[in-house]
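Let's look at the empty spaces in a protein and at the molecule it holds. Each question asks how a label was earned.

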Amino acid sequence: MHEIIKDICYSCTGDISQIHVDAIVNAANSSLLGGGGVDGAIHQAAGPTLYAACRQIREQSLPAGLPPGEVVSTHAGRLPAEYVIHTVGPVWSGGDQEESLILASCYEQAIIEAQRLGCRSIAFPSISTGVYRFPKKQATEIAWRVVYEYIQHTDAPMKIYLIFFTKHDEKIFLQATRTTGD
Ligand code: ADP
């Protein structure tokens with residue numbers, strides 16, 4: 001684990017479904033009904049009650065699914081976290097389809113939702129950098145910019161954990177923290 005900003009922001013390499021925080025963010029797809037990658041790992045670890053909660057949201061309030069850049073929260077089933085904040089990242093299609101704005105919105109809206117839920121800590125995966133093919137360096141710079149702005153402009157911010165699946169991905173993030181912000 002790397003401490004990026006003392007007592008507030010950390011990065012680490014690992015499986016986000018095992019992290020002990022108030023809220024973890026899921027890089028879901030619009031259906032909210034499960035997928036591969038981080039979504040699959042979260043549902044696998046959380047068990048069927050998480051799937052049931054997602055299904056209920058689809059039936060009751062999001063019949064067409066969750067649009068990219070937006071969030072919705074549920075309980076976290078058997079996970080060590082208390083909440084899962086589901087978001088849908090942009091699919092990378094060259095960069096001229098507002099992918100960067102949508103990705104920033106995922107991080108911003110998840111932070112807002114975590115605050116609304118009264119969370120004191122939140123963990124993010126690297127949204128859109130798997131099957132959605134967002135370039136990792138660019139994605140990590142966007143994540144860092146949003147997180148840094150939030151920390152700079154908030155009294156007593158939540159603890160924020162950025163979870164990478166490989167050491168290599170975490171290294172890309174650590175480089176971004178050296179060139180932007182503090
Ligand atoms: P997306 O569809 O948003 O691209 P993916 O789940 O395919 O979502 O990938 C997002 C990122 O999450 C990738 O960088 C991938 O390596 C990473 N990842 C996959 N599984 C896990 C996990 N269990 N914990 C943390 N990160 C994960």
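Q: What makes a residue part of the lining of the second largest cavity?
A: A lining residue has an atom within 4 Å of a point of a 1 Å grid over the protein atoms alone, and a cavity is a set of points where a 1.4 Å probe fits but cannot get out. Ser126, Thr129, Lys136, Thr140, Phe164, Asp169 and Ile172 line this one, so they meet that 4 Å rule. This is a predicted model, where local features need pLDDT of at least 70, side-chain atom pairs count only at pLDDT 80 or more, and totals for chains, interfaces and linings use all residues. Residues are numbered from 1 along each chain as its sequence is written, and side-chain values use heavy atoms, leaving out hydrogens and water.

Q: Why are two residues of this lining called charged?
A: Asp, Glu, Lys and Arg count as charged. The lining includes Lys136 and Asp169, so these two fit the class.

Q: How do you know that the ligand has a polar contact with Val38?
A: A polar contact is a pair of N or O atoms within 3.5 Å. An oxygen atom of the ligand lies 2.8 Å from a polar backbone atom of Val38, so the pair qualifies. Ligand oxygen also comes 3.0 Å from a polar backbone atom of Val131 and 3.1 Å from one of Tyr132.

Q: What makes us say that the ligand sits in the largest pocket?
A: A molecule sits in a pocket if more than half of its atoms lie within 2 Å of its grid points. The ligand is placed in the largest pocket, so it passes that test.

Note on methods: On a 1 Å grid over the protein atoms alone, a cavity is a set of points where a 1.4 Å probe fits but cannot get out, and a pocket is an open set with protein on both sides within 12 Å along at least five of seven lines; lining residues have an atom within 4 Å of a point. A polar contact is a pair of N or O atoms within 3.5 Å; within protein, one must be able to donate a hydrogen and the other to accept it, and residues adjacent in sequence count only if both atoms are side-chain atoms.
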